[in-house]
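Student: Please take one buried spot in this model and examine it closely. I should then like to see it set against other parts of the chain.

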Amino acid sequence: MTNRWVYSFGGGGAEGDASMKNLLGGKGANLAEMSSLGLPVPPGFTITTEACNRYYADGQSYPADLAEQVAGGIAHIEKITEKTFGDAANPLLVSVRSGARASMPGMMDTVLNLGLNDQTVEGLAKLSGDRRFAFDSYRRFIQMYSNVVLGLDHHAFEEILDDHKDRLGVDVDTALTAKDWETIVAEYKQAVEKELGQPFPQDPQAQLWGAVGAVFQSWMNDRAKFYRRMHDIPESWGTAVNIQAMVFGNLGDTSATGVAFTRNPSTGEAALYGEFLINAQGEDVVAGIRTPQSLTQAAREEMGDRNPSMEEALPEVFVQFRDVAARLERHYRDMQDVEFTVEQGRLWMLQTRNGKRTAKASLKVAVEMAGEGLITKEEAIARIEPGALDQLLHPTIAPDATRAVIAKGLPASPGAAVGAIVFSSDDAERRGQAGEAVILVRHETSPEDIKGMHAARGIVTARGGMTSHAAVVARGWGIPCVSGAGEIIIDVKNRRFTVRGREFNEGEVVTIDGSTGEVMAGAVKMIEPELTGDFAALMVWADEVRRLKVRANAETPADAKAARQFGAEGIGLCRTEHMFFDEHRIAAVREMILADDERGRRAALAKIAPFQKADFVELFTIMEGLPVTIRLLDPPLHEFLPHSEEDVAAVAEATGLDSAKLMRRALELKETNPMLGHRGCRLGVSYPEIYEMQVRAIIEAACEIAKSGKPAPVPEIMHPLVGNGLEMKFLRALTDRTAKAVLEEQGVDLKYLVGTMIELPRAALRAGDLAETAEFFSFGTNDLTQTTFGMSRDDARFLEDYREKGILEKDPFATLDQEGVGELVKLAAERGRAVRPDVKLGICGEHGGDPASIAFCEKVGLDYVSCSPFRVPIARLAAAQAALAK
């Protein structure tokens, strides 16, 4: 049976539709859908994602029957356009574009005007009656094909063009004549032959297969692989290839090209948003080579632009385009990102897809579409990418801040950022990875800059518009961006820029406001965000449908208050060791460790106890009766001691402790593998007085709150690193004995729970034993992942090699390993509930804030997840989505 690799569209019909995104890619599926809707789409065909996967499976060679099917696709286009591919007199020209099932803007390759050569360019000139247009198209094709297919640097061609413009004394491409373009084409071809040792390819069929191969190859280029890692897109999806009849936006003043969103992708406002260029081709808009013009008159006036909008320059086509855009939004029931070309007054639609947007816009669009009845509340919840909410939790510039504005550009991606100026993507990546805040300043960005853009806190470009590469990528990642700041003159060689008579060198600090397009000198005052309006509305809807409770990991009052602000329903992990490191109590902790006997340890612990109690009183007060899970001391004791001779001497002098004794005790406690050594509940077994002090402080604090008339807390006392049923039995008895004594002293009847953290495979396997005395399990998936894989999270630098080689799809410390660690969680839940049906189950590792891991927790039936305070909203939304999916 012959495999089907090609699906055609155009001429009012299509062989595919929008539901076939996995096979045809997003672009191909939507071109087919638009064709079936009767919209003006240039005819073409799609080579499937399966063909891409077969290409790689067969050692980068095409399926045997692909050539015949592609020839049929070309014949389909020829029939509709009444042109012939490769014909000198009446040439068909095509575009070749990538199109994966997930949108990956700018990550893969495109070739336009394919089919041009020294003969067909003359035919195009005669047919169009415009020699200038024909040679402008040819030089574009040579540059694009040479870069994408032949692997030549595009800067070499830009230098030829810039030199020519300099000689003529002109600034813009549109000022060049047909003769100029002929000269430039000849110079381009010479440059190719000089670089490659052979002429630029003239055979259209060879050009076509070169471009198809380049698109397949681009699926595995570095920037595509990086983007896939950032967005969890599997390599196995592959990319489709879309081959489509060219339509020309560079055919004079009644031709144009543009990109539009049916709503504002930065704010979500329900108004047409986008840009266009007259007498241009698509890459001119997105590459930032020319700063485009506004689509609507209102947008032009708001931006203070003098160039006419599309609404004013091409009023009839604009009305048609506005209606098509509205129809597409209604049809897809989501904000659309569309690309279009106007060829001599005729509108052509080249692409539609669900538009990438900021978290703020995402919320507004979802909430308003639900209000309009276009989607349901449940669909609105499912539409928001939980991780994107992170964008809303970042600071913005304070209203009363002094803004020393040095430049103004376009507000391309909202939010504010402060950082040191850098001029190269490599520097941004290097310094960003070192923890430095940097602002990447470029003439314009290209897909090669992707790693530096991701590492930067903010981006400024001198050229490009609101739909340029920099703007689209920055919005998708929630990175503030100012584009088209044309008054900035960048000197890359000397690492500086000048603007308004001032000079700024690399390393100087600037602030950018991506919501206003302003660039400011120095670090400007910021404020924390308020989570109201659309955010609050969506959170209410999410809370109505989710089953999982969401708690926060918090031990400081600031963290606890932030957790409440973000909607946490309790504290799922309070790490008491963080309290021990406080400068006012570390001396007593060290005294306790240095003590020779239990009596000495108890004397030192008595000094720490009032601090511990005060900590818990404050936490219980903030949490107002919500559950608080307190983990008793976990790290090995040596972590509290100085280690070098200099540090020992300094501590001895500051505390009056004996330096020789300090050094000797530090050496005695030193362990070969401390994370698997004398830590966690093992400390409680060896030194029960430590845990007794902590339990007493917890229960005394709870009694104080209960007596004050405030909501009584329900402390959940958690013993870490338990792996044995008898361990748990010993610790339970210790806890109950201490708690009972305090409650009798205080005359208070108070409920508390005793449980354990499941961090060891043995604990998961013997969960039934633990559940005999433990009333709750909290899965500490950070350590459970380490002990299951037998790898240290701090030393797992090799994980990237595993991902590169396809051994691991995701970092198991970021997203729960469901097959291994997840299986242990599932097993522990089942075995624990078999013994104690009402055992409370939660998760408190970093995975508690990861949406994919939260979906697993819902599936297994845990009761709550706990994460860092700033991830609580993300967890609330992810829990709602998990409940809806279930």
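Tutor: Leucine 393 is found in the loop between α15 and β14 (396-397), where helices (H or I, at least four residues) and strands (E, at least two) are DSSP runs numbered from the N terminus. The model is predicted: local features need pLDDT of at least 70, side-chain atom pairs count only at pLDDT 80 or more, and totals for chains, interfaces and linings use all residues. Residues are numbered from 1 along each chain as its sequence is written, and side-chain values use heavy atoms, with hydrogens and water left out.

With a relative accessible area of 4%, leucine 393 is buried; buried means under 20% relative accessible area, exposed over 50%, and partly exposed in between (1.4 Å probe, protein chains only). Residues up to four places away in sequence aside, leucine 393 touches Glu528, Pro529, Leu531, Phe566, Phe870 and Pro873, contact being heavy atoms within 4.5 Å. Leucine 347, by contrast, is 46 residues from leucine 393 in sequence, and their C-alpha atoms are 41 Å apart in space.

The helix before this loop, α15 (residues 377-383), contains isoleucine 381, which counts as buried at 1% relative accessibility. Neighbours within four places in sequence left aside, isoleucine 381 is in contact with Leu538, Trp541, Ala542, Val545, Leu877, Ala880, Gln881 and Leu884. From isoleucine 381 to leucine 619, 238 residues along the chain, the C-alpha separation is 32 Å.

Other loops offer further cases. Valine 524 is placed in the loop between β25 (518-521) and β26 (526-527) and is buried, at 8% relative accessibility. Beyond four places in sequence, valine 524 touches Ile397, Ala401, Thr402, Val418 and Thr511. Lysine 561 is 37 residues from valine 524 in sequence and 26 Å from it in space, C-alpha to C-alpha. Phenylalanine 248, in the loop between β8 (239-245) and β9 (256-261), is likewise buried, with a relative accessible area of 8%. Its contacts more than four places away in sequence include Leu93, Asn113, Phe133 and Ser137, as well as Thr341, Val342 and Glu343. The C-alpha atoms of phenylalanine 248 and glutamine 344 are separated by 8.3 Å, with the two positions 96 residues apart along the chain.

Backbone angles mark two more loop positions. Asparagine 279, in the loop between β10 (273-278) and α10 (282-286), has a positive phi, near 55 degrees, although the residue is not glycine. At 13% relative accessibility, asparagine 279 counts as buried. Arginine 495 also has a positive phi near 55 degrees, again in a residue other than glycine, and lies in the loop between β21 (489-491) and β22 (496-499). At 39% relative accessibility, arginine 495 counts as partly exposed.

Two helices later in the chain show how such elements are covered. Helix α28 (residues 725-746) has 22 residues and should span 32 Å at 1.5 Å a residue; its end C-alpha atoms are 31 Å apart, which agrees. The expected span is 1.5 Å times one less than the number of residues. Among the buried residues of α28 are Gly725, Met728, Leu731, Leu734, Thr738 and Val742. An α-helix has 3.6 residues a turn, so residues three or four places apart point the same way. The buried residues of α28 pack against α26 (681-686), α27 (688-707), β30 (715-719), β31 (753-758) and α30 (767-771). In helix α31 (residues 781-789), Thr781, Asn782, Asp783, Leu784, Thr785 and Gln786 are buried. Their cover includes β31, α29 (761-765), β32 (776-779), α33 (821-835) and β33 (840-843). Glycine 790 follows α31, and its phi is positive, near 70 degrees.

These parts belong to a protein with 35 helices and 34 strands. Its radius of gyration is 32 Å, close to the 29 Å that the globule rule gives for 886 residues, so the protein is as compact as a globular protein of that length; the radius is taken over C-alpha atoms, and the rule is 2.2 Å times the number of residues to the power 0.38. Buried residues make up 56% of the 886 residues. Among contacts between residues at least 6 apart in sequence, 68% join residues at least 24 apart. The C-alpha trace spans about 100 × 70 × 55 Å along its principal axes.
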